Each structure stands twice: as structure tokens, then as C-alpha cells.
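Biologist: Please take a close look at one loop of this chain, residue by residue, and then relate what you find to other parts of the fold that deserve the same careful reading.

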Amino acid sequence: MVQSLWYKEALIYCLNVESFMDGNGDGIGDFRGLIRRLDYLEGIGAGAVWLMPFQPSPRKDHGYDIADYYGVDPRFGTLGDFAEFTHECEQRGIRVLMDLVFNHTSNQHPWFQESRSSPDSPRRDWYIWSDKEPPNRHQGMVFPGLQDALWDYDKKAKAWYFHRFFKFQPDLNMANPEVQAEILKVIGFWIKLGVSGFRLDAAPFIIATDEHEADTHEMEFEFLRDMRRFSQFRRGDSVLLAEANVPPEHAANYFGASGERLHMMFDFHVNPRIFYALATGDAEPLKQGLEDSRVNPPGTQWCHFLRNHDELDLSRLSEEQQAKVFERMAPDDSMRVFDRGIRRRLAPMLNGDRRKIELANSVLLSLPGTPMLRYGEEIGMGEDLSIAGRGAIRTPMQWNDDRHAGFTTAETSMVPLIEDGPYGFRQINVADQRRDPESLLNWTERVIRLRKELPEIGYGEFDILNTNPEILAMRFRWKGACIVIVHNFAEEPREVVLDLGDGSGAGSPLVSLLSYERDEPTDDDGYTMVLEPCGYRWFRVGDPSEGLARKDR
């Protein structure tokens, strides 16, 4: 049977059940509410929905402290609600991805409670314990400023336990075969309920053979292959998407030499370079980042994003580059987090500039890989910096300008809303933008639809054409078809000269896919065009009948 590569053509829509839609009027988002909004997700072109953790949890870390891998938090509904949700998604051609959080559990998880109960506990070795205080317990914090150690003493266990993240999130011992077997069991459970794939949270830490050396030493990469084999045995078209903030040269180990491990990885190398280009107008580091990422074995894919549920991590930029991005997009210290990132949404980072917002999303949707869109970005939602940490960008979806933004009918929303200012729900919401044909929402829907009509981007080979430093011009070729997409990161007009070379439709017209524009080649078979500030063009090379756009594009 030929493996389905649906992920090469899909748009992944990332959302948090808690903050998307309340269906029972208790002030918290839930699966009943999410089911009511599936037609909206289908309408904007979502091919898959990635859900933040929704299992039972004390929710000290937005659900990433899981207390039961086999249930649904009662605040969000029941397993029956979840099964109905996946069924309704399937009816609309939408696949469901969920977070697989197995680096750690909550300290309230029964496994940890049993592990700490006695040195002779059958689950003692499910976690990482030390009888003596580790000398390096204050080194390697993931959240500097919020953590003061990686080991804490447990009085009941009379031993020290390891936690890569917060102290209420003890790390599982991934070297234990019983723990690995339990992971596969969890995967099979959720696939049976209709899940099509998993995002592996903190993937490098999951497969690290030593708790302190996840970036530098031998990893248990073969376990990734075991996970893939098992998940595809249960569902042939299931996918594994890893959160692994590693250099591109390390990515081949995660994908596997022949693509036998992970299907996709988030591209944390390219992501900050997009924002550097937006901040400075210099696209050269972005071009180099795309070249660096040419490591994909057959059948694998990068997943690109602008914003996600975490901070914008700039750590893979130089200090000088970071300073320039901070200056333009997070000038106040309150907008920054962990000395490496920005806790803001896209629209306010770009000062609400519609030209730049369109430019950024056009880049996202045209990068060689799978695009991931964070909920609310399609309408230009903002953040609430009065909420601590990453919670600033996890406010409820803004559906209309009624009370509580249409998110809930409760007297009080249990998830803080953005009420005032230019990004308050009375100014930014789905209902208003639905009625405006020129709104960001309608523009986003049109470009997503266009992206889905161009398999050349997901499946084809790409080249970066030699142009001005401020210009990113990419050519995609697949099965004889050719697409050219050009972006101007400068805040001034730029004349662009394109040379497509031989064998790629040179001498044929460039037919716009977003307007009625048509560029004919010059005498030397090159193309000359002028792009407006922050402008972009999507072209098909060749037969005009294949590229004529409708007026609504």
C-alpha cells in the first residue's frame, strides 16, 4: 500500500481547546464548542487541526503537566465528546493531530505517586532518581529565571528526582522499556479514537540517553522509528511531527536516512530568520536558512510557522541579529521572555501594518514545507501582556463583538479576553471580517485556497533565484509544472530582474495567480518587474490558461 502524503498539501491549524469556543456556558472552551466551529475551520481551508494538551491535568503549565494520558479533562468534555469531534472532523476532511507529551508527567500522575512511594515500587524506575544530591542540579535550565534547579528532593521518596522543566513535571525515564511500551500504548489508544498523528513535545529530551546531554551526545533515534512503525501499523496515514529545536545538520537523524523515522519537524532554523527579514528588510539570512534546511529524505517535510503557542525563539540568530529584531518587534522588556524570545502575536509585532502582515503570511504559505497557522492569526489577533509568560498569547478566539467576544455565554469568561485597545474583540473579530471582502480573514482564506491548489510547493523541488538582498524569489518545479513566488521585504519599491535559466519554462509568460497581471520575458528571456513596498507575487510559468485568476483572488 502506498503511504499517504496528505501532510505535504495540508494547512495545519493550531488551537487550544480551552480558549477556542465554550459549548456548555461554563466559561471554558470545550469539545462541544469546538465541534460547533468545525465549519469555520473547513471554510478557511484547514486540512488538519493540532490540539494543545486536553488530558486531565492540574494545568499548572497549560496542560503540559498531564495526570492521565487516557482521558479528557472534564473541563473540556468526555471521551465521547472527543470521539464525536474526530468523527465530525473526518466528515469534513480535517485530520486531528494531538500533543504527545512524554518527556515528563505531572507530579500528580499516579505513576509518579507510585514511583515515589517506595524504592521497591514497580514504577520506581519509571522516573529518574538519585540518592545523593547531583552536583550539577543548577545547570541547564530550560526556563532561566523561572527555574532554579533540575533536581528536587522528594521527602516521601527520600531521593532526588530529575525534571528538565518545572519541578511539578518530573521526567520519565525514557530508557526504561516499560515506559517506551506505555508510549506506544497511548499512541494506539488515541489513534483508535480517530487521531491522525502526534506532535512530539520536547522530542530531543524524549530520546536523550543522558538527562543532561540532549544537545550533544548519542540519542535513541531508533525509538522514533519504533513509534512510527507502531503508529502506521495502527493507521497507515498517521504522522509524527517533532518539536526539536536543533540545527538543520542534526535533523537528518530525526528524519532517518531513508525517511523511516519522523515525517515532519518544525523548522526552528528558518522561523527566526523570517522575522529578521521582516525587521530589517534583509532577506539574505532567510535565503541561507532555507539552503541550510535542504536535508529532507524522501517522504519527509519541514513544518513552517510564524507564531505558535510558545514564545518566538530568537536563540538561533546572532546577538546582533537578535538585537535588531527585539528593537523593532519587542522594544519593551515586558514583551520578552527567557532572554531569548518574544511573547507577542504577529499583528502587534508588525505594528498592525496590513502590508507586512500579508507579506509574512504569504511567505509562510509559500515556503517549501507544510504551513502551520496559529488560531486567531487569520484575523490579526493581539496579545495581553498583563498575563504572565506565554499566557499573553493564549487568549480566547474573538468570534464577534458581543459580550465575551462570542467565546462563551457565561457571566464570566474563565479565560481572560482582550477587551480594550486596537486588538480588543470589539475591533478584531471573525464576524466583522466575514462581512468585509477586503478583510485579513478573507484575504487569508483566498491565499490558503491558492496554496492548496499548488502541489508544486509541497511536493516539488525548489530553487532560490539570484535577486536583490531584500527579495526572496523561489521557484518550485514538479511534474513539468513551474511556480515562481517573489517577496519584497524592503519598505520601498524594488525593481526585480529574474533569470529562470534553462529547462524551467524560460521564455514563457509569468501569469499571476493573485491578479490579472502578466509578465512577458525580455529579449534575453529574463523578467523585469517592480514590487511595491512589502509586495509579493505568485506566478505560474507557462500556459496562461492554467494561471488566470478569478476576480475574488
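Modeller: Asn351 sits in the loop between α12 (346-349) and α13 (354-366), and I should say at once that the model is predicted. The backbone at Asn351 has a positive phi of about 55 degrees, although this residue is not a glycine. Most residues other than glycine have a negative phi. Asn351 counts as exposed because its relative accessibility is 61%, and the cut-off for that class is over 50%.

A second loop offers a parallel case, in Asp339, which is found between β12 (336-337) and β13 (341-342). Asp339, too, is not a glycine and has a positive phi, here of about 60 degrees. With a relative accessibility of 73%, Asp339 is likewise classed as exposed.

The cysteines bring us to buried positions. Cys303 is buried, at a relative accessible area of 0%, and Cys482 also counts as buried, at 5% relative accessibility. The cysteine sulfur closest to that of Cys303 belongs to Cys14 and is 9.5 Å away, which is too far for a bond, since a disulfide requires the two sulfur atoms to be within 2.5 Å. By this rule the count of disulfides is zero.

Turning to helix packing, the axes of α5 (residues 177-192) and α7 (residues 222-234) come within 10 Å and cross at roughly 30 degrees. The pair is therefore roughly parallel, as the angle falls under 35 degrees. The crossing of α5 past α7 is right-handed. On the α5 side the contact is made by Gln180, Ile183, Leu184, Ile187, Gly188 and Ile191, which meet Phe223, Asp226, Met227, Phe230, Ser231 and Arg234 of α7. By class, this contact between α5 and α7 holds seven nonpolar, three polar and two charged residues.

The other helix pair to set beside it is α9 (residues 271-280) with α10 (residues 284-292), whose axes come within 8 Å and cross at roughly 160 degrees. Because that angle is over 145 degrees, α9 and α10 are roughly antiparallel to each other. Here α9 passes α10 in a left-handed crossing. Arg273, Ile274, Tyr276 and Ala277 of α9 touch Pro285, Leu286 and Gly289 of α10, a contact that divides into five nonpolar residues, one polar and one charged.

How values were computed:
Residues numbered from 1 in each chain as written. Predicted model: local features only at pLDDT ≥ 70, side-chain atom pairs only at ≥ 80, totals over all residues. Heavy atoms only, no water. Axes fitted to C-alpha atoms, helices over the stretch in contact; angles between N-to-C directions. Helix = DSSP H or I, 4+ residues; strand = E, 2+ residues; numbered from the N terminus. Parallel < 35°, antiparallel > 145°, perpendicular 65-115°, else oblique. Left-handed = near helix turned anticlockwise from the far one by under 90°. Contact = heavy atoms within 4.5 Å. Nonpolar A, V, L, I, M, F, W, Y, C, P; charged D, E, K, R; others polar. Buried < 20%, exposed > 50% of the residue type's maximum accessible area, 1.4 Å probe, protein only.
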